Number of protein chains: 2
Amino acid sequence: MRGPSPPKTARENPLSSSARPSHPKVGITEVARHAGVSPGTVSNVLNRPERVASATRRRVEAAIAELDYVRNSSGSSLRSGRSSSVGLLVLDVTNPFFTEVSRGVEDEAVTQGLAVVLLNSAEARDRQRRNIRLLAEQRAAGAVVMPVDDDLSDLLWLRRQGTAWVALDRGDVGEDVGCSVSVDNLAGGLIAGRHLIGLGHEQVTFLAGPFSIEQVRQRHEGLRTAFAEAGMDPGGAVRVVERPLLNPEQGEQAVDAVLAGGPRQRPSAVLCANDQLALGLMKGLGRRGLRVPDDLSVMGYDDVDFADLIHPGLTTVAQPKYRLGRAAMRLLNSELDHPEHHVHERILFTPELVVRGSTAVHRTG
Amino acid sequence: MRGPSPPKTARENPLSSSARPSHPKVGITEVARHAGVSPGTVSNVLNRPERVASATRRRVEAAIAELDYVRNSSGSSLRSGRSSSVGLLVLDVTNPFFTEVSRGVEDEAVTQGLAVVLLNSAEARDRQRRNIRLLAEQRAAGAVVMPVDDDLSDLLWLRRQGTAWVALDRGDVGEDVGCSVSVDNLAGGLIAGRHLIGLGHEQVTFLAGPFSIEQVRQRHEGLRTAFAEAGMDPGGAVRVVERPLLNPEQGEQAVDAVLAGGPRQRPSAVLCANDQLALGLMKGLGRRGLRVPDDLSVMGYDDVDFADLIHPGLTTVAQPKYRLGRAAMRLLNSELDHPEHHVHERILFTPELVVRGSTAVHRTG
DNA sequence: CACCTGGGTTGAAACGTGTCAACGAAAACG
DNA sequence: CGTTTTCGTTGACACGTTTCAACCCAGGTG
């Protein structure tokens with residue numbers, strides 16, 4: 001695709017002005033010749049240094065340095081059948097929640113010398129599919145995946161291709177299918193609901209993302225449970241507004257729907273499926289001249305960085321984002337290291353309530 | 001590294017329960033046999049479909065579908081010397097500015113069938129170096145890079161290895177070195193300064209990131225120019241507070257330094273090098289009981305999503321983030337397509353002032 | 001001294017693909 | 001009808017690495 005110079009004419013590349021011209025083709029064999037050993041030995045120096053006598057090892061390392069050899073990972077993963085990079089398939093790079101998770105994944109991956117490639121599904125099924133295909137073509141060692149919906153068929157296909165994965169933030173994948181690490185969304189909805197009920201709210205709206213996402217469903221269910229638990233009828237007390245995506249724009253556009261309804265059903269508090277939605281909603285409310293929390297209490301979910309930075313601070317349900325990513329990658333590592341006697345595992349974190357300024361007691365009347 | 005099963009024993013993999021067992025090894029040759037053609041023809045179907053008769057093409061495509069063949073990109077890039085993925089080397093995945101840019105890059109890359117792998121420097125030189133090495137080992141086709149500082153030696157090395165790149169948001173790379181696309185930071189600082197001066201501010205603080213970053217230096221310079229232009233002494237009017245990183249935490253921690261100084265030098269407005277810094281600063285000010293913009297005007301830089309979502313809205317200098325990414329990738333594409341008669345190019349966008357609620361006229365007295 | 005042992009090293013054989021000269025057949029031409 | 005051109009297809013080879021049986025040799029054992 002690139003032909004660095006007119007094919008047959010091995011003309012000197014004008015770019016390599018500084019430093020040694022760095023012979024265009026330095027492979028393992030060239031290094032071997034230069035060090036007076038066989039290619040196999042060089043390979044050993046690279047991959048199992050302990051098996052080679054320290055004298056020759058030093059000689060090889062010197063040659064590597066002198067020739068400025070850089071390993072060709074295509075060759076290596078072609079021969080070994082697997083590449084040494086793992087995919088991180090994320091729902092939305094734009095969402096701070098995911099970027100935080102990715103930090104955890106990266107930190108854990110480097111300890112194993114694995115490279116992380118970050119891929120973005122943008123909450124779209126076909127993009128997820130494209131990315132999964134990409135991972136298969138690259139023969140990725142493994143992947144950490146946040147599935148876009150309940151249909152795991154593409155992921156099963158990926159595993160059949162020989163690429164292991166662990167599901168993140170999706171607790172409902174059976175343990176016969178794969179590992180998963182997630183946060184208890186039922187519990188999250190529950191503590192959110194209890195918090196609002198404790199403040200005297202009797203009519204709340206759940207501003208939801210698509211119900212095709214399991215997290216959304218469970219947070220909703222938890223919220224309803226809280227009301228049932230308090231002896232109130234969830235059917236009457238919690239209304240749902242569903243949006244197709246979980247971003248701020250959607251939150252802002254939802255204002256009308258949230259405020260709609262007769263004075264009787266008008267909510268005194270809103271629980272958003274997401275901090276992003278909450279942020280947009282608060283902006284929309286501000287536009288309408290409504291004050292948070294005086295006119296309406298607002299809760300988010302995730303506790304992303306900016307939840308603490310806006311005014312009023314966003315009351316929200318915190319998820320251990322960094323640890324989530326770390327745990328997922330650790331699980332993946334253990335599966336890669338011992339594929340034969342690996343049994344899928346499910347890790348469940350517990351969310352925590354973080355109270356800030358965006359929720360207040362319901363002033364009746 | 002992975003040994004799918006005890007070496008010699010080709011035992012049936014218990015995982016492939018559903019669907020066809022999908023013979024573990026389907027390569028281009030297997031497809032060829034199945035379609036009754038030569039491997040070369042299959043390769044042509046994959047890469048230059050127009051050169052193969054439609055009858056045989058259909059036959060091959062059927063075989064591909066039936067065998068569930070998935071191309072092995074290791075083999076392909078080993079043979080061709082280049083992989084078909086490009087790197088996007090970003091300063092900080094956490095910063096919404098970069099995620100927006102990445103969307104532009106991705107959208108443009110898919111039009112050329114290139115896969116984008118996102119790599120994170122975390123504003124750290126050694127991580128940038130690791131990532132550059134990774135790109136070299138993978139023989140990446142190219143890269144879009146936001147350099148962490150002025151030292152471009154690693155990037156020059158990368159190009160010597162045969163991987164082209166274009167610099168993003170770093171206008172000072174010479175056109176003898178590589179393409180670049182950036183936003184005019186001098187102009188940005190200038191319009192920011194004019195805005196503040198127009199509001200009557202005479203004493204402002206520039207809350208800066210590390211001055212090793214070119215953008216920071218230039219925005220500062222633009223700000224000073226605005227004052228000089230207005231007949232005021234920049235040396236007296238603009239004070240600088242420098243922070244080592246460009247994130248919200250740093251902004252919050254800078255409150256003391258910003259407010260420090262006798263009543264005479266106490267600023268009535270702050271220009272932040274970054275929206276992230278501005279956000280943190282505003283939070284810190286809130287903690288101190290100071291109101292924005294009543295007690296202090298605050299400006300950001302970038303116009304990330306949330307600048308419009310917080311209260312008060314953040315007055316800021318908008319950069320065309322998405323177009324930035326798109327332009328960079330387009331430049332890279334053109335270099336990859338015609339490496340021989342390519343001449344490096346420099347694209348400079350113009351920033352725009354976005355006035356929101358965080359700046360107000362200076363109430364003297 | 002003959003024999004074994006085992007750590008170091010070698011050489012050749014894959015891995016799956018792209019490329020390219022060569023070739024056959026059919027079509028266009030004189 | 002013979003000759004050239006065009007279009008499709010073929011095989012074999014090369015890319016850079018890992019792997020593995022074979023081998024060498026020094027040191028220990030009987």
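Me: Which residues of α14(A) are buried?
Reply: This is a predicted model. In α14(A), the buried residues are Lys321(A), Leu324(A), Gly325(A), Ala327(A), Ala328(A), Met329(A), Leu331(A), Leu332(A), Asn333(A), Glu335(A) and Leu336(A). Buried here means under 20% relative accessible area.

Me: What should the 17 residues of α14(A) span, and how far apart are its end C-alpha atoms?
Reply: Take 1.5 Å a residue, which gives an expected span of 24 Å for α14(A). The C-alpha atoms at its two ends are 25 Å apart, and this agrees with the expectation.

Me: With which residue does Arg330(A) form a salt bridge?
Reply: The general idea is that side chains of opposite charge can pair when their charged atoms come close. In this model, Arg330(A) pairs with Glu108(A), and their closest N and O atoms are 3.7 Å apart. Arg330(A) belongs to helix α14 (residues 321–337) of chain A and Glu108(A) to helix α5 (residues 96–110) of chain A, so the salt bridge ties together parts that are 222 residues apart in sequence.

Me: Is Glu108(A) buried or exposed?
Reply: Glu108(A) has 7% relative accessibility, so it counts as buried. Its partner Arg330(A) counts as partly exposed, because its relative accessibility is 45%.

Me: How many salt bridges are there over all chains?
Reply: A search of the whole structure finds 45. One of them, in chain B, joins the side chains of Asp154(B) and Arg125(B), at 3.7 Å from N to O. This pair links distant parts of the chain: Asp154(B) is in helix α7 (residues 153–160) of chain B, Arg125(B) is in helix α6 (residues 125–137) of chain B, and the two are 29 residues apart. Asp154(B) is buried at 8% relative accessibility, whereas Arg125(B) is partly exposed at 27%.

Me: Where in chain B do Arg356(B) and Asp303(B) lie?
Reply: Arg356(B) is in the segment after β12 (352–354), and Asp303(B) is in the loop between β9 (297–299) and β10 (316–318). They are 53 residues apart, and a salt bridge joins them with closest N and O atoms 3.1 Å apart. Asp303(B) has a relative accessible area of 17%, so it is buried.

Me: Which residues are linked with Asp303(B) and Arg356(B) in a network of salt bridges?
Reply: The network also holds Glu252(A), Lys283(A), Arg287(A) and Asp308(B).

Me: What domains does the assignment give for chain A?
Reply: It gives domain 1 (17–71), domain 2 (81–183 + 321–350) and domain 3 (185–320). To place two of them, take their centres over C-alpha atoms: those of domain 1 and domain 3 of chain A are separated by 60 Å.

Me: Which residues come nearest to DNA strand D?
Reply: Of the 21 residues around the strand, the nearest are Ile28(A), Tyr69(A), Arg79(A), Thr41(B) and Thr56(B). The residues of this surface divide into six nonpolar, 10 polar and five charged.

Me: Which parts of DNA strand D lie within 4 Å of the protein?
Reply: Of the strand atoms within that distance, 71% belong to sugar or phosphate and the rest to bases. On the phosphate side, an N or O atom in the side chain of Ser43(A) is 2.9 Å from a phosphate oxygen, and a polar side-chain atom of Arg71(A) lies 3.3 Å from a phosphate oxygen. For the bases, a side-chain N or O atom of Arg79(B) is 3.1 Å from a base nitrogen. The elements giving two or more residues to the surface near the strand are α2 (39–47) and α4 (73–80) of chain A together with α4 (73–80) of chain B.

Terms used:
Residues numbered from 1 in each chain as written. Chains lettered and ligands numbered in written order. Predicted model: local features only at pLDDT ≥ 70, side-chain atom pairs only at ≥ 80, totals over all residues. Heavy atoms only, no water. Salt bridge = Lys/Arg side-chain N within 4 Å of Asp/Glu carboxyl O. Helix = DSSP H or I, 4+ residues; strand = E, 2+ residues; numbered from the N terminus. Buried < 20%, exposed > 50% of the residue type's maximum accessible area, 1.4 Å probe, protein only. Domains from an automatic or database assignment. Near = heavy atom within 4 Å. Polar contact = N/O pair within 3.5 Å; in protein donor to acceptor, adjacent residues only side chain to side chain. Nonpolar A, V, L, I, M, F, W, Y, C, P; charged D, E, K, R; others polar. Expected span 1.5 Å × (residues − 1).
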